[in-house]
Protein chains: 2
Amino acid sequence: MKEIKIGIIGLGTVGSAVAELIRKNSALIAERAGVRLVVAKGCDVRKVRASFPVTRDPYEIINDPEISIVVEAVGGERPALNYILASIERGKHVVTPNKEVLALQGGKIYQAAARRGVFVKNEGAVGGGIPILSPLSHDLLANKISEVYGIVNGTTNYILSKMTEEGMEFSEALKRAKEKGYAEANPRKDIEGYDASYKAAILAAGAFRLQIPWDKVHFEGISKITQEDIKYASEIGYVIKLLAVAKNHNGQVEVRVHPTLVPKEHPLAAVNGPMNAIYVKGEPVGELMFYGQGAGGPATASAIVADIISISKATRASHYSHWKAARIRPIDEIESRYYVRLTAPDRHGILAGISKAFADEKVSIAAVMQKETKGRQATIVIIIHQAREANLRRAIRRIKRVDNVIRVGL
Amino acid sequence: MKEIKIGIIGLGTVGSAVAELIRKNSALIAERAGVRLVVAKGCDVRKVRASFPVTRDPYEIINDPEISIVVEAVGGERPALNYILASIERGKHVVTPNKEVLALQGGKIYQAAARRGVFVKNEGAVGGGIPILSPLSHDLLANKISEVYGIVNGTTNYILSKMTEEGMEFSEALKRAKEKGYAEANPRKDIEGYDASYKAAILAAGAFRLQIPWDKVHFEGISKITQEDIKYASEIGYVIKLLAVAKNHNGQVEVRVHPTLVPKEHPLAAVNGPMNAIYVKGEPVGELMFYGQGAGGPATASAIVADIISISKATRASHYSHWKAARIRPIDEIESRYYVRLTAPDRHGILAGISKAFADEKVSIAAVMQKETKGRQATIVIIIHQAREANLRRAIRRIKRVDNVIRVGL
């Protein structure tokens, strides 16, 4: 039986889970896939106990002529990029769940891989163990995918779920997420939407088969969401979720990440805690959703080992470098519905002024609800029918008193 | 570019949708997959207008040496079986969404295919366009799948959704389903669970890589579910769904289809109308759910064309005939929780008698709720903690007054 020697750079949660899965299910994989996977070498800066040789020098893996597939599980942009490019240069296939390096440097990586004739595979980079990139490029190949959106960050979904289910404020829910291990000590990349924006770019590329420059992806985090917003959204039939959204308008693409009011009856509204789910709209397949654990070593290892097997059977080429670059629609040009919460003096005429500011910018109001009065201040929630982002922003700058703006619907 | 000639037997909803998809997305498929798909011939007993030659004789397709892939879209056990076997005999690959012939005659079909060295593929047979069999055998290949269960029949899910959301009785909801085209004129195969049982057998086989004899699959339909059951289930936090359930206990397999009380917070509870969803539990991937349109020509065509492409790239072998036959656990030996609704005279001592009948059969009661009294008759709902099916059935035979029994939980 064909034997495939694998090197794993980075033996943290994900890297060590990959080694463990290959060790534990080795016989099962051999029987099903007809290849024997062997972890020939691992690399970590820390001392790690393992059943295979471990080095501190990644180039001992990269330069090992026996190793044909490198798993890059270091994370972050650098030095991961160097390890990936050096592995490709030596003719090795690369499997990586590293969304950051793929979103930021995917162009360079896939170009190098195409030049050298090797595979770079990344199912683990979006949705952990959820099969999504592979179904998009194989099972849904005959479809025109028009939309793909979903919950791709477990940390923020856990926080929003806690805020919704238990009435916590953001800071308390974040604390809870840290205690549970769902948020890192420095949670900025999750909370502010960076992580989701990397995944949005990768997901959009896979769905539309277009190159997506990450720096054109508009993203916002969840730190401004308050318990008030959660409550008002609920009253009008919505839950607030941080969504990654990608739509293809005949080659012009919008890719964005932001809190969104999702109708309670939508399947994404029921995706709670650290779970992830990705919604796909295609023609002729209709609407699909893929749900599962979006993170964690063992789940991500499931995706990485599937990629290793598919490479070892050499059946699934990676075409990213042949894809055209997408024309990304600027966020200002995107139309959406909006929820706007503001605080205003509770007196006659104030609403007329606000309404005029919106009307002057061609932003039409669908509903106004006066929610609470504190002293002489009233909380007002306004639902905007449909407006261009740029117009809405201009109106809001004129009104000034706005506390929060969240997009509505999908 | 490699050209693949396809013959389609049966130009009903699904067959004609396959032809239409190949026609419409031909360029896109060629660009992505590197093969050109051509419908060389179609067959139907009715007169059909098409952009390709149509015959009434399926053997004009089966005997055509130019055609390498046959799509069997006739449905039902026979004559579909004959067409499939004859196609295999002539060295043609077969793609079919026909769950009935696969569940009933899969052994024979896959054996013939293995002998002749051709592929038989069936992604469209379960969950319409939802990618599920392919992810199970490729993306989740490194996992031990322990459970797979879900909503695989759109007709019954539509009916149960109507009963739940709008308080309809079964017969009214069925009438509505017929009007909407979600139920056939003779809905027996859907309503009584046949369709779901075929899919359960196919799903279990794909998940566990074992041959599943359909005649060992226990199945029940939904015609006995009343509005009372829906209401009482809701009161205790559940919705009623018709589930196909397959579990693997180290090689001993249980496969069954029956109405089930699903906790409202479970993602399957939010799957409404004609939608399908399949839940998968695997190690290490954890829990996954695949959701989408479970039926309809265009969605199913998406799966069929993906199968055609994968065959034309000759990358994905079908191993069914090499799999071991599963040892199917008899329904009597399966343990479950149960909801039991019964009508009893509203007088002292009656509950003692019922309790004794359960206790004598070692069936322990978790909760008893007296729900309604009509004249001298009371409706009692009993939740059974955990019991063997055989013991529960014996207890119920002794009590006699039982109106309905539904399994609880997953």
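Val95(A) faces Lys121(A), a residue of strand β6(A). This pair belongs to a predicted model, in which local features need pLDDT of at least 70, side-chain atom pairs count only at pLDDT 80 or more, and totals for chains, interfaces and linings use all residues. Residues are numbered from 1 along each chain as its sequence is written, while chains are lettered from A and ligands numbered from 1 in the order in which they are written.

**The sheet of chain A**

Val95(A) stands opposite Lys121(A), and the strands β5 (93-95) and β6 of chain A pair in the parallel sense over two bridges. Strands (E, at least two residues) and helices (H or I, at least four) are DSSP runs, numbered from the N terminus. Two strands pair if DSSP finds at least two bridges between them. Helix α12 (297-312) of chain A packs on the sheet and touches β1 (2-9), β2 (35-43), β4 (69-72), β5 and β6 of chain A. The direction of α12(A) makes about 160° with that of β5(A); such angles run from 0 to 180 degrees between N-to-C directions, and axes are lines fitted to C-alpha atoms, for helices over the stretch in contact.

How are the six strands of chain A ordered in the open sheet? The order is β3-β2-β1-β4-β5-β6, with parallel pairing. Because β3 (54-55) and β6 (120-121) of chain A each have a single partner strand, they stand at the edges, and one side of each is left without a neighbour in the sheet.

**Where the two chains meet**

In the contact between the chains, 39 residues of chain B meet 39 residues of chain A; two residues are in contact if their C-beta atoms, placed from the backbone, lie within 7 Å. On the chain B side, α2 (26-33), α6 (133-137), β13 (286-293) and α12 (297-312) each supply at least two residues.

Strand β13 (286-293) of chain A is joined to β13(B) by five bridges, and the two run antiparallel. One of the bridge pairs is Gly292(A) with Leu288(B).

Chain B is superposed on chain A by a rotation of 180° with 0.0 Å of shift along its axis (RMSD 0.0 Å). That is the relation of a two-fold axis. The superposition is by least squares on the C-alpha atoms of residues with pLDDT of at least 70 in both copies. Phe290(B) is the residue of chain B that comes closest to the rotation axis, at 2.5 Å (C-alpha). The copies meet through the same surface, because 100% of the interface residues of chain B are also interface residues in chain A.

**Two helices in chain B**

The axes of α1 (13-24) and α12 of chain B come within 8 Å and cross at roughly 65°. Residues of α1(B), including Leu21(B) and Ile22(B), meet residues of α12(B), among them Ile304(B) and Val305(B).

**Three contact surfaces compared by class**

Here Ala, Val, Leu, Ile, Met, Phe, Trp, Tyr, Cys and Pro count as nonpolar, Asp, Glu, Lys and Arg as charged, and the others, Gly among them, as polar.

| Surface | Nonpolar | Polar | Charged |
|---|---|---|---|
| Side of chain B that touches chain A | 24 residues | 11 residues | four residues |
| Contact of α1(B) with α12(B) | nine residues | four residues | no residues |
| Side of domain 2 of chain A that touches domain 3 of chain A | six residues | three residues | four residues |

**The domains of chain A**

Chain A is divided into domain 1 (2-125), domain 2 (133-292) and domain 3 (334-408), with bounds from an automatic or database domain assignment. The centres of domains 2 and 3 of chain A, taken over C-alpha atoms, are separated by 25 Å.
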